[in-house]
Amino acid sequence: MAGKGTPATALLAKQKVPHVLHAYEHDPRAESYGLEAVEALGLDPARVFKTLVAEVDGKLTVGVVPVTGQLDLKALAAAAGGKKAKMADPAAAQRATGYVLGGISPLGHRSRLPVVIDASAEKFETVHCSAGRRGLEVELAPADLVRLTGAVLAPIAA
């Protein structure tokens, strides 16, 4: 994987967190990056999480939900201690995280953002999320993901 490092993989290595990287050939025509990963890697879709950036009361906030679900913006706002949430401008999300759309990882953001992970992650020994590039997923324990991101666990998937 020489030359394949990302801020997310660097953070995992620095913190010595057990994880497994899963690479696949990204198809630019794919309509859903998360479902593409599920199909390409033969994964259980309930264990694959997508990273979405929203604005809660004007502050960028990250929601991490299963790829088969939708982000419940009201639930995200409540979990983040806010009143109102809307999806963030894609350019603002890319600037704040340092990642491109479809490759936004919950780990290793350029700016420290609040993170809320759907509580369903706790049901699994490991979960998958973007490792910071389209076509690269990381598998790790949900507790490690929560610890590294400083996340709150809450039911935010609809």
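Is leucine 71 buried or exposed? I started my notebook here, and leucine 71 turns out to be buried, at a relative accessible area of 12%. For the record, buried means under 20% relative accessible area, exposed means over 50%, and partly exposed is in between, with a 1.4 Å probe and protein chains only.

**Ground rules**

I am working on a predicted model, where local features need pLDDT of at least 70, side-chain atom pairs count only at pLDDT 80 or more, and totals for chains, interfaces and linings use all residues. Residues are numbered from 1 along each chain as its sequence is written, and side-chain values use heavy atoms, with hydrogens and water left out. My helices (H or I, at least four residues) and strands (E, at least two) are DSSP runs, numbered from the N terminus.

**Entry: leucine 71**

I found leucine 71 in the loop between β3 (59-66) and α3 (73-79). I then listed its contacts, where contact means heavy atoms within 4.5 Å. Not counting residues up to four places away in sequence, leucine 71 touches Leu52, Ala54, Gly63, Val65, Leu76, Met87 and Ile156. I also looked up lysine 50: it is 21 residues from leucine 71 in sequence, and the C-alpha to C-alpha separation is 9.6 Å.

**Entry: β2, β3 and β5**

Next I followed β3, where 7 of the 8 residues are buried. I count two strands as paired if DSSP finds at least two bridges between them. β3 pairs with β2 (49-56) in the antiparallel sense, over 8 bridges. Valine 53 stands opposite valine 62 in β3. The two strands form a hairpin with 2 residues between them, and aspartate 57 in the turn has a positive phi of about 50°.

With β5 (115-118), β3 pairs in the parallel sense over 3 bridges. There I noted valine 64, whose bridge partner in β5 is isoleucine 117.

**Entry: the open sheet**

I then turned to an open sheet of 3 strands, which run in the order β1-β7-β6 with antiparallel pairing. β1 (20-23) and β6 (127-133) stand at the edges with a single partner strand each, so one side of each has no neighbour in the sheet. From one strand to the next, the twist averages 35°; for such angles, axes are lines fitted to C-alpha atoms (for helices over the stretch in contact), and values run from 0 to 180 degrees between N-to-C directions.

How many bridges join β6 and β7? I get 5, in the antiparallel sense, with β7 spanning residues 136-140. Histidine 128 has glutamate 139 of β7 as its bridge partner, and serine 130 has glutamate 137. In this hairpin, 2 residues lie between the strands and glycine 135 takes a positive phi near 90°. Despite its place at the edge, β6 has 6 of its 7 residues buried, so the rest of the structure largely encloses it.

**Entry: helices α5 and α2**

In α5 (residues 142-149), 6 of the 8 residues are buried, namely Pro142, Asp144, Leu145, Val146, Leu148 and Thr149. What covers them includes α1 (7-14), β5, β6, β7 and β8 (152-154). Glycine 150, just after α5, takes a positive phi of about 65°.

I checked glutamine 15 too, in the loop between α1 and β1. Glutamine 15 counts as partly exposed, at 37% relative accessibility. Leaving aside neighbours within four places in sequence, it is in contact with Arg147 and Leu148. Glutamine 15 and leucine 148 are 133 residues apart in sequence and 8.5 Å apart in space, C-alpha to C-alpha.

In α2, I found Gly34, Glu36, Ala37 and Val38 buried, and their cover includes β7. Glycine 42 follows α2, with a positive phi near 65°.

**Entry: the largest pocket**

Which residues lie nearest the centre of the largest pocket? They are Tyr33, Lys50, Thr51, Leu52 and Gly102, out of 29 that line it. The elements giving two or more residues to the lining are α2 (33-41), β2, α4 (90-97), β6 and β7. β2 gives the most, with 5 residues.

How values were computed: 1 Å grid on protein atoms, 1.4 Å probe; cavity = no way out; pocket = protein on both sides within 12 Å on 5 of 7 lines; lining within 4 Å.
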